[in-house]
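Visitor: I would like a close look at one part of this model. Please take me through how the helices pack and then work outward from there.

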Number of protein chains: 2
Amino acid sequence: MERNIYLHTVPLTQAVETLKAALDREALVGREDVDTQDAAGRVLAGPVFARYSSPTFHSAAMDGIAVRAKETFAAREGSPVRLRLGQGYAPVNTGHPLPAGFDAVVMIENVVQEGEDTVALEAPAFPMQHVRRIGEDIVATELLMPQGRRISAYDLGALLSAGIWQVEAFEPVRLAFIPTGDEVLDFMQRPEPKAGQVVESNSVMLCALARFWGLEARRVPPVPDNLEALEAAARQALDSDAHIVVIGAGSSAGSKDYTRTVMERVGRVLVHGVAAMPGKPSLLGVAQNGKLLVGAPGYPVSAVICFEELVRPLAAWLGRFDAPERAGLDVELTRKVPSKLGTEEFVRLAVGRVGQRWVATPLARGAGMITTLTRAQAMTRVPEQLEGLEAGATVRAELLSPMAELDRTLVIVGSHDNTLDLLANELMGLAEPVRMSSTHVGSMGGINALKGGLALCAGAHLFDPETGDFNFPFLAKYVPDQDITTVNLAIRHQGLILAKGNPKCIKGVADLAREDVRFINRQRGAGTRILLDHHLKTAGIKPEQVRGYDKEEFTHMAVAVNVLTGAADCGLGIYAAAKALGLDFVELARERYDLLIPTRFLDDPRIAALLAMVRSPEFQAKIRGQGGYETNLTGQIMRPGMGLEG
Amino acid sequence: MERNIYLHTVPLTQAVETLKAALDREALVGREDVDTQDAAGRVLAGPVFARYSSPTFHSAAMDGIAVRAKETFAAREGSPVRLRLGQGYAPVNTGHPLPAGFDAVVMIENVVQEGEDTVALEAPAFPMQHVRRIGEDIVATELLMPQGRRISAYDLGALLSAGIWQVEAFEPVRLAFIPTGDEVLDFMQRPEPKAGQVVESNSVMLCALARFWGLEARRVPPVPDNLEALEAAARQALDSDAHIVVIGAGSSAGSKDYTRTVMERVGRVLVHGVAAMPGKPSLLGVAQNGKLLVGAPGYPVSAVICFEELVRPLAAWLGRFDAPERAGLDVELTRKVPSKLGTEEFVRLAVGRVGQRWVATPLARGAGMITTLTRAQAMTRVPEQLEGLEAGATVRAELLSPMAELDRTLVIVGSHDNTLDLLANELMGLAEPVRMSSTHVGSMGGINALKGGLALCAGAHLFDPETGDFNFPFLAKYVPDQDITTVNLAIRHQGLILAKGNPKCIKGVADLAREDVRFINRQRGAGTRILLDHHLKTAGIKPEQVRGYDKEEFTHMAVAVNVLTGAADCGLGIYAAAKALGLDFVELARERYDLLIPTRFLDDPRIAALLAMVRSPEFQAKIRGQGGYETNLTGQIMRPGMGLEG
């Protein structure tokens, strides 16, 4: 068992500079002739000089008549100059060559046709008026574009107009990706992973990223953790036309060690470990044949950071282009972000506009969680010289979503319910789609977000045993100063989620105290946990009597998955979660799940769309279709003391 | 001859809304199954629910040992807990399943191996420490992505991890482009345009633009101005799988009229003319089979505006995605931009940072000049309710270049010289390339730009007959308050550019007064024009005696092209221009072409790169290689009174 420590981690920029110094890009990336019509995005390897002028002739810039300017000088309103067809004027259309002997064009709108072959002008024309001159746009033999220019769509128009049918360009940068690991399954086989196995997906994700930057990228099927097989795969990739060969580690540590060994067999390792989190176990090196070698970490977020912060700048440098830039936005952090001194940390953010503020909630930081990237609208960096960022701090975010999408994103924070997913999907089907960004931090977390002005809406189902009411007692206690409109989303059934067939014969809360029953709990602050505590208290059971009371999950579905896989015998959750996984369910309580919306946001178009959806009979039918929900209060504004009776 | 007036022009947004209301996108753009690995950029036609959880098992998040947390609670520094292999602990690597019965992982760094099968721990582990839980990332059956989501590279990772091998996506939006016009030549034939002919390039440019937005786009060979042929081509395109059929007008007016007629034969026209400049003669309609019909203007910049402002939003709406956004930047206009009330004007801008200011020079506005797009770094809009923008106004620019490139752009304004093109090309070949953005407004224009703080550098060759010196008398007069460093670029030869073989036997300035000699002049403020005026005065010739004195070109090469094509018999210019086109040359004068650099900018890295280049012997050899240049002063700092003697 090798200690997985990178003693010589270097900052990202230093890692990139080290490789730039070691690579010979002139030798590595060649030049080739490319047909102009296929050259968009390619980088010119040499200057381009125009072969043709544009226009190649003096031409009319307007529809009208060609004239001699000096013959029109006397023309005035009420005292026209008359010209005869042929010697005095000639009709021209836009783009037509100026007939010989003429030097100006009068727009047809300013020409009075007096007879078949006589016109009258009431204003003089100046020389070269409405004439496009020879070479006005492009002059033959002149420099049209310098070397190193990345050819834009517009450039294609200029190149073809100038008679350039081919250009000399640098080769596109090509990348080959080798996934590795005994435990990874090739998605091409459509596998079913067993415990200890994962579907290999980094190669697809990273190749797609690379293509987005303008690279050509391809993957090979996964190679098992076998030094000879891995070396053979690396040599084959190095013998191909790829300029960059990436060995993608599996998710286990063993394969990482092989990566370094293989890199040393086919070249030399220059960077082993970077001062970044995620992304630390990245390797960089140069192959014997001069190609760039990369060892990408196995965790998806680490691999993405490795690609975005190391491969992207190096590939752009090899290909002599600027990698696409992300738009920046100043956002306000909703939570503190601790960070390790000496390490640059990349934090994924859920970003949304709440009133006039752009607020950003840091997402979970596990490098293994790909959904922290798919759910994020932005990313921020904690520089290595900082020990973290404070809650409320304004930080620069790099946007992962287009600004237009961000403007349509509805930030909802609080308790999780499957109906929110239903809502998220339906809102995206609107003519003006609304994207829901929901962060699941439990009902109390949602109320706290409203308190801090960090969400447009919170989802909560907090039961107050003293009053028998929902949510209002908590709003009165925690956000007494805010005017909040409470709209019911649904009444739902909570109960014990049990293995199919209920093998342990669990009938109710009393069974949770049994020695042979392993429970899976929800996190502190979750309405479901408060409900559980209420039922335990009523039944006279102490938390320490419940095995698994200290094991927490954050969503109903996660609880159900624990039951499905046998990690627990039961958990408290909603019927929909049990139904989705084909599990048994013993109902314990009906409760009200409400949307809490600061009244000042009711006019926000995103909230308006949300309410319109919640109030539509079609949507309510879909809520009921999930099972375990009632919609007799759905869409209605709740008042204190209503409880479950609208 | 039809009057080319669009009586019912509508604002761009109204044109787009009109078409959205008339098109049935549900019927037009279908759905299809796409392999996940090929789905980046595609838009989901329905929700995706996870099939697998990720992880599918509790797994180790670190290399180390699996333990039972409760058996470690007593561990303290100096008072370790000892565990035995098998019953007490089990080695695990990152990603491995947590062995049954264990509930926490201790990092290998915190494990003291005491014997083959005994370890000591000096700190307790908490339950689920360093354990990735089942479904921590993705929970099977839960909504993974809603309908309408555009699939990112990251999303591919999440989809494959969740066992999603295919997704239902909307078809990519497909566009077919039909170039038209008797006068346009197909670049595929590698043609040589004669007067009245142009190389068709709009189709390639616009298809490349469309691809950049995510469309599939293809062109057909140009169709001549023949109603039946055009209708047949339109029907063929409408019968293909394209969702959008574009008829691209030729550069003459005739073909525009055909476009409307053909559109009416195969569908109906809903918009004929938009309140935009360029772009006004755009047409939009709906085909009988429900497809989007577009009539694109013939001038390239008009066609680009038609595509960017009409086709782009409509295609994005059809495909249900956000078109790529351009970064925005506030820039200061160097010149007034007049504009027509009621028309939205699109102004191309050369943008660069001068000191701390971002300055933007409006480029020529002719819709036929594709180089105004290739030379522009940004575009701005003059809203229809304004009559223009004032010089000095701060306006929002939409960037056409990446910000990183803009930061490396060196703004040089002033007289044109071929050596500047040489310089532009060499500067792009540096390891840290510098992009030169040069605006040719003559020497006096360059000095005015320095006066206004609008350029990092000006190129000038102003001869002062009274002192026999160059540039300094003008600097003293026009920018007395600025400290400007004058560095010589080259001494160059100016003379009369003549047709090959000098058929009119022009020997010198005296011949310019001849009746049979047609001259082509440079614009007011150009150093060359001042030189001409000096020589005319010395020879006792009045400007009105010179035929063509009032015909102006802006560059030496444009003057030479006039001579080459016979539009003029001679013009004053540099030897390099005559040589490039194989023309004859009669030397009149040697002059100093200097770079005028405000001294405060000497430390700017772009200026430093420029000066280093100018001072390199290799570059000076290239200057001399052009012919007509001397470099004995090149790179040296000039002082008043030096004249041509360094």
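Guide: What follows starts with one helix pair in chain B, moves to the contact between the chains, and ends with strands and backbone details.

The model is a predicted one. In chain B, helix 4 and helix 7 pack with their axes 11 Å apart and at an angle of about 25°. Angles under 35 degrees count as roughly parallel, and helix 4 of chain B and helix 7 of chain B are therefore roughly parallel to each other. The crossing of helix 4 of chain B and helix 7 of chain B is right-handed. On the side of helix 4 of chain B, the contact is made by B:Asn202, B:Met205, B:Leu206 and B:Leu209, which meet B:Pro300, B:Ala303 and B:Phe307 of helix 7 of chain B. By residue class, this contact of helix 4 with helix 7 of chain B holds six nonpolar residues, one polar and no charged.

The contact between the chains comes next. In chain B, 101 residues are in contact with 101 residues of chain A. Several helices of chain B each supply at least two residues of the side that touches chain A, among them helix 4 (202-212) and helix 7 (300-319). Also on that list are helix 3 (153-161), helix 6 (253-266) and helix 14 (556-564) of chain B. Helix 3 of chain B gives the largest share of this side, eight residues. The side of chain B that touches chain A divides into 52 nonpolar, 32 polar and 17 charged residues.

Chain B also holds an open sheet of three strands, in the order 5-9-8, with antiparallel pairing. Strand 5 (81-84) and strand 8 (111-115) of chain B stand at the edges with a single partner strand each, so one side of each has no neighbour in the sheet. From one strand to the next, the twist averages 30°. Strand 5 of chain B and strand 9 (residues 118-121) of chain B run antiparallel and are joined by four bridges. In this pairing, B:Arg84 stands opposite B:Thr118 of strand 9 of chain B.

In chain A, strand 38 (residues 584-598) pairs with strand 31 (residues 457-460) in the antiparallel sense over three bridges. Within strand 38 of chain A, A:Asp594 is the bridge partner of A:Ala460. Strand 38 of chain A also pairs with strand 34 (residues 484-498) of chain A, in the antiparallel sense and over 14 bridges. There, A:His493 stands opposite A:Arg590 of strand 38 of chain A.

The domain assignment of chain A lists five entries, including domain 2 (31-54 + 136-170) and domain 5 (442-630). Taken over C-alpha atoms, the centres of domain 2 and domain 5 of chain A are separated by 63 Å.

Some backbone details of chain A remain. A cis peptide bond, with omega about -10°, joins A:Ser54 and A:Pro55. A:Pro55 is in the loop between strand 2 (48-49) and strand 3 (59-60) of chain A. The peptide bond from A:Met277 to A:Pro278 is cis as well, with omega near -10°. A:Pro278 has its place in the loop between strand 19 (276-277) and strand 20 (283-287) of chain A. A:Thr141, a residue other than glycine, has a positive phi near 80°. The loop that holds A:Thr141 runs between strand 10 (131-132) and strand 11 (143-145) of chain A.

Conventions:
Residues are numbered from 1 along each chain as its sequence is written. Chains are lettered from A and ligands numbered from 1 in the order in which they are written. This is a predicted model: local features need pLDDT of at least 70, side-chain atom pairs count only at pLDDT 80 or more; totals for chains, interfaces and linings use all residues. Two strands pair if DSSP finds at least two bridges between them. Two residues are in contact if their C-beta atoms, placed from the backbone, lie within 7 Å. Ala, Val, Leu, Ile, Met, Phe, Trp, Tyr, Cys and Pro count as nonpolar, Asp, Glu, Lys and Arg as charged, and the others, Gly among them, as polar. Axes are lines fitted to C-alpha atoms, for helices over the stretch in contact, and angles run from 0 to 180 degrees between N-to-C directions. Angles under 35 degrees count as roughly parallel, over 145 as roughly antiparallel, 65 to 115 as roughly perpendicular and the rest as oblique. A crossing is left-handed if the near helix is turned anticlockwise from the far one by less than a right angle, and right-handed if clockwise. Domain bounds come from an automatic or database domain assignment.
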